[in-house]
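The following note is intended for a colleague who is meeting this structure for the first time. Please read the numbered points alongside the sequence and the model.

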Amino acid sequence: MSKVNSYLPRLGLKLNGVKYGKKLKLGGWPFIFRFPQASMEIGDDCAVNSNFISNLIGLYQRTIIIARGRGKVRIGNHVGISGSTIYARELIEIGDDTVVGANCKIFDNDFHSLNPDERRRDVYDHLVTRPVRIGRNVFIGCNSIILKGTVIGDNCVIGAGSVVHGTFGPNCTIAGNPARVIKNHESAGKKTGKTKENPEGRECCG
Ligand SMILES: CC(C)(COP(=O)(O)OP(=O)(O)OC[C@H]1O[C@@H](n2cnc3c(N)ncnc32)[C@H](O)[C@@H]1OP(=O)(O)O)[C@@H](O)C(=O)NCCC(=O)NCCS
């Protein structure tokens, strides 16, 4: 998309109260929306792709980023996002230098109630939300799904097509459904480790 064309989507962000930094590149027209009581911040040097061929993997959709209710979306500097959905009702944080590969989904809630009666009656008042925190310099492989409450440490790699839930320390490769640590970049072969958030060390390689 030319610079001229991306002027309009950027203007839309501005009018919607989305804070964004310098050199935001919009490839195609994303759907980025902040509800009135929500907040959204996008750092400097970010790229958001929404054209089918703006990422040669092939995007299934335009990028959708929503901060709903009192939700917060905080995206750091130099983050790339391709044809993905980020949908916050509480908090989704993505650290500097992180790459969100093609066709990923990142949610801090389940969209529908888990209570059968509320779900049948379309009641959305008690949706469970848990913050999602993705560290710096994380590479999220294409078609991955990051579920509510997930914490991913700095420098991690998420394998393509993973379904990620839980707390993971830094510097590891996490893959599969459910995603597990498959490699530790600091100490090869070590698949568990203890962090403050995860004292038992399960699913963690920090
Ligand atoms: C996760 C990944 C980085 C691992 O690459 P690697 O470090 O070179 O690891 P290997 O290919 O040696 O695989 C190591 C093990 O992990 C498994 N594995 C690799 N990728 C996996 C995935 N996405 N899901 C589940 N398991 C996976 C392999 O089967 C292998 O298992 P084994 O030891 O039992 O044989 C890579 O497979 C991947 O998914 N890259 C993402 C690519 C991508 O999505 N790019 C586009 C972004 S827009």
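1. Outside the residues up to four places away in sequence, I174 touches C156, I158, G159, S162, V164, F168, A179, R180, V181 and I182; two residues are in contact if their C-beta atoms, placed from the backbone, lie within 7 Å. I174 is also among the residues with the most contacts inside the largest nonpolar core, together with V73, I92, I106, C156, I158 and F168. That core has 44 residues. A nonpolar core is a set of buried Ala, Val, Leu, Ile, Met, Phe, Trp, Tyr and Cys residues joined through C-beta atoms within 7 Å, and a residue is buried if 20 or more other C-beta atoms lie within 10 Å of its own.

2. The model is a predicted one, in which local features need pLDDT of at least 70 and side-chain atom pairs count only at pLDDT 80 or more, while totals for chains, interfaces and linings use all residues. Residue numbers start from 1 along each chain as its sequence is written.

3. The chain contains two helices and 21 strands, taken as DSSP runs (H or I, at least four residues, for helices; E, at least two, for strands) numbered from the N terminus. Of its 206 residues, 41% count as buried. Among contacts between residues at least 6 apart in sequence, 35% join residues at least 24 apart.

4. One open sheet has eight strands in the order β2-β5-β8-β11-β14-β17-β20-β21, with mixed pairing. Because β2 (25-27) and β21 are at its edges with a single partner strand each, one side of each has no neighbour in the sheet. Within this sheet, β8 (residues 80-82) and β11 (residues 99-100) pair in the parallel sense over two bridges; strands pair if DSSP finds at least two bridges between them. I81 stands opposite V100 in β11.

5. Another open sheet, of seven strands, follows the order β1-β4-β7-β10-β13-β16-β19, with parallel pairing. Its edges are β1 (19-20) and β19 (167-168), each with a single partner strand, so one side of each lacks a neighbour in the sheet. Three bridges join the parallel strands β10 (residues 91-94) and β13 (residues 132-134), and E93 has R133 in β13 as its bridge partner.

6. Which residues are closest to the ligand? They are G101, G141, G159, A160 and A175, out of 16 that surround the ligand (C-beta atom, placed from the backbone, within 6 Å). β20 (172-176) and β21 (179-184) each supply at least two residues of this shell, and β20 gives the largest share, three residues.

Terms used:
A residue is buried if 20 or more other C-beta atoms lie within 10 Å of its own, exposed if 12 or fewer, and partly exposed in between; C-beta atoms are placed from the backbone.
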